[in-house]
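Open your viewer and get ready to click along. We will go stop by stop, selecting a few things at a time.

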Amino acid sequence: MLILLTPLSLLLALSIGSVPVKLSALINDSDALGRSLILELRLPRALSAFAVGGLLALAGTLMQVLLRNPLADPYILGISGGAAVGALLSMLLGLGVGWTTGNAFVGALLSMLLVFSLAHSRGNWSAMRLLLTGVVVAAGWGAVISFILAISPERGLHGMLFWLMGDLSHAPPPLWGLIITGAGLLFCLPFARDLNVLARGELTAAALGVSVQRLRLMLYVVASLLTATAVTIAGSVGFVGLVIPHLLRLLGLSDHRRLLPAAMLAGGCLLVLADTVARSALAPQQLPVGVITALLGVPVFLYLLHRRGNHL
Amino acid sequence: MSLLSLRPLLQTKALTVEIGGKTVCRQLDMTISIGQHWGLLGINGIGKTTLLHTLAGLRTPAQGEIRLDDELLGTLPRRTIAQKIGVLLQADNDAFPGTVMETVLSGRHPWLGQWQWEGENDRMLALAALSDVGLEGFEQRQVNTLSGGERRRLALATLLTQNPCLFLLDEPTNHLDLHHQAELLRLLGRLAEEGIGVISVFHDPNHALAAGQALLLDRGRVAAVGGAVEVVTGAAFARVYAGDVRVFVTPEGVAVLPRWP
């Protein structure tokens, strides 16, 4: 079903926008403007949205298993915070879009290394230790972000806020994002059954023949790189990484061999749809896509939490 | 007993196990052969679980060596160990519960290749294991809707599906009613007869009597080891339980009763 939903959501994204253009423009030579609008503006943006959504949902699924915590999302270990500090500093210094993107990636990697070395310093990095280290580092980044916002001149604030809420209007060409999404999924699929076992506990997994430390290190690196890529493309888009894995689990997908590809597709679709709403709901004004995912995500998540409460 | 049934599965040589600066046992030499069921006894916090995890290769010993089928345990890949040793942990975590069938099938994990999915044979093993523990018909139930005793039996079924030659069980009788305790001990007895080795942590010495062999831990050392009847009727046993138990030797067998106030 998700495989059907993906082209549908992309088609929808191509046909809806602030300027009414018919999809028939693609085959109709007389409508060159309409064609270039679709192929040069909407298509790359929709593909970027798909990649970001896929990356975040995939990273969220991996993080939840790594931390064995259903409330984990791709940002919980401070990767988006590090990226935000890199991006906002570039904006504060008036550097261009290229620098903002590059520094966001550097910030994400720095944060990833920082959390890992702090959590790993004594050789023993339990899920709890990693979680606490990541959450505290994320809080630190949060303070730095507030500081940068406080000292920024007013005219720069709008762009910064858009970046923080997640926004696809400055997304780089989608090719790399799509490649990394696909590569991430292909890399994780052979380990999907190990993830099933790890989700049942580290000792259980070790007793069933999983090299737990190696798997966790791999999960941490892969999930962090996927998140870093997503944040670099679109800023910190919220809730996709948290809600999509839960939504699919509630639909009965607990086997990661199915859950991982499903999460990638569902996350991609959600973000494509959310971005379509973001750029057309109040057209010509564009909304940051993170606002739409959060607006969709909050009620869904509260509903899931409520249902879970009834289970326990 | 034939020579074959005395083939050693797991051997320790001068094994010293420590946890948090406390010694669990020192210079332990023991051999678990196929067909044997050992009961591991001792009061709370004495290190029964730690010793069990060390024997399973989940912890590294402070000193000494453990050999599994004559190979050093520490040098074997985790997957190979999991094909030979199955572990029943004291408690299960289910932050992400699945169905009973999915859980049982996870026992096949060490036997399947990286890209391989469970086949018909694996499913048959899983169904047989569920029926061995009286959970047939539970396949599609969510694990978090099971009772404590049912989860315990599910964990055992997972172990049966894993099909190792050595079972290391941490309090397998926990949460089980008297009927299911008896069923479990009978099942373990049958497994031992079929050529499997079992070590179980028990709180009830009667379970160790049913198992046949016993090892009694006491403050950093092995206080007694051997046939369960000898261990339970020995002086070390009386000392460890400090007069809280009475041991009855009857023509029908040995029984341990608590001395309530």
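Which residue follows H4(B), and what is the sign of its phi? Select B:Gly134: this residue comes after H4(B), and its phi is positive, near 75 degrees. Before going on, note that this is a predicted model, where local features need pLDDT of at least 70, side-chain atom pairs count only at pLDDT 80 or more, and totals for chains, interfaces and linings use all residues. Residues are numbered from 1 along each chain as its sequence is written, while chains are lettered from A and ligands numbered from 1 in the order in which they are written.

Next, select helix H4 (residues 120-132) of chain B (helices, H or I of at least four residues, and strands, E of at least two, are DSSP runs numbered from the N terminus). Colour B:Leu125, B:Ala126, B:Ala129 and B:Leu130, which are buried (20 or more other C-beta atoms, placed from the backbone, within 10 Å of the residue's own; exposed means 12 or fewer, partly exposed in between). The buried residues of H4(B) pack against helix H3 (100-105) and helix H5 (148-162) of chain B. Turn to the other side of H4(B) to find B:Glu120, B:Asn121, B:Met124 and B:Ser131 exposed.

Now show the open sheet of four strands in chain B, ordered E2-E1-E4-E5 with antiparallel pairing (strands pair if DSSP finds at least two bridges between them). Its edge strands are E2 (22-33) and E5 (71-72), each pairing on one side only. Zoom in on strand E4 (residues 63-68) of chain B, which pairs with E5(B) over two bridges; here B:Leu68 stands opposite B:Glu71.

How values were computed
Contact = placed C-beta atoms within 7 Å.
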